[in-house]
Amino acid sequence: MPKKKKFAKESLVIKTELVLPNDTNTLDNLMGGRLMHWMDVVSAIAAQKHSNRIVVTASVDNVSFRQPISLGNVVTLRAKVTRAFNSSMEVHIKVSAEDVPSGKGFESNEAFFTFVAVDQSGRPIDVPELIPETNEEQLLYEGALRRRQMRLVLAKRMAPEEALELKSIFKTES
Ligand SMILES: CC(C)(COP(=O)(O)OP(=O)(O)OC[C@H]1O[C@@H](n2cnc3c(N)ncnc32)[C@H](O)[C@@H]1OP(=O)(O)O)[C@@H](O)C(=O)NCCC(=O)NCCS
């Protein structure tokens, strides 16, 4: 049976949060761990929307925090699936923050999460193919194979010589 196909936009999830005292460190900035929790949940919902399945977090690519987010800022998280493989899906999430009284906003960080759709027993299960439409979706879709190979090599789940997209980085010839 041919695989079902879904558009990237069908997986879009947007969440806004107000940074409250319980979310901050002693400098009154948002704790990195709290932000990563929000990112994990929002990305997981995007993967669920694409697959209509239970999903588990398989990996998170490196996350760096460019600028602190302050107490009272409004945080917006936008997540969308970039590409689906067999049972796994890569999700791109972007985080921005805004000081609403001044109207000043900035891009805080972005990351790629990988989720695996599982059945009721926790076994990986196939997901629909993803169709990119916009230029940005197309670029993210094309880069997803290279990022997948990179994370699988780093997790020792793929031999460097099998990572054809990474040939220029991992030279296996002597
Ligand atoms: C993720 C998990 C389901 C993979 O199960 P597995 O038996 O190793 O399954 P497979 O080897 O068949 O891999 C299944 C998919 O996971 C992907 N995968 C496995 N490890 C991965 C990793 N570290 N990074 C990215 N993708 C990974 C594989 O590439 C494969 O993708 P594909 O089906 O699209 O080709 C399993 O390792 C798991 O349940 N991990 C715990 C998840 C969890 O609890 N997360 C919350 C953290 S507390």
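**Notebook: ligand shell and pockets**

I looked up the shell around the ligand and found that strand 3 supplies its largest share, four residues (strands are DSSP runs of E, at least two residues, and helices runs of H or I, at least four, numbered from the N terminus). I note that this is a predicted model, where local features need pLDDT of at least 70 and side-chain atom pairs pLDDT 80 or more, while totals for chains, interfaces and linings use all residues. Residues are numbered from 1 along each chain as its sequence is written, and side-chain values use heavy atoms, with hydrogens and water left out.

I counted 16 residues around the ligand, the closest being Thr57, Asn86, Ser87, Ser88 and Arg157 (a residue is near if one of its heavy atoms lies within 4 Å).

I then checked polar contacts, which are pairs of N or O atoms within 3.5 Å. A backbone N or O atom of Thr57 is 2.9 Å from a ligand nitrogen atom, and a polar side-chain atom of Ser59 lies 3.2 Å from a nitrogen atom of the ligand. For Asn86, a backbone N or O atom lies 2.9 Å from a ligand oxygen atom.

I turned next to the largest pocket, whose volume is about 350 Å³, a volume being the space filled by probe spheres set on grid points joined across faces, edges and corners. Its lining has 15 residues, and Ala58, Ser88, Thr114, Val116 and Leu152 are the closest to its centre (on a 1 Å grid over the protein atoms alone, a pocket is an open set of points where a 1.4 Å probe fits, with protein on both sides within 12 Å along at least five of seven lines, and lining residues have an atom within 4 Å of a point).

Definitions and conventions: A polar contact is a pair of N or O atoms within 3.5 Å; within protein, one must be able to donate a hydrogen and the other to accept it, and residues adjacent in sequence count only if both atoms are side-chain atoms.
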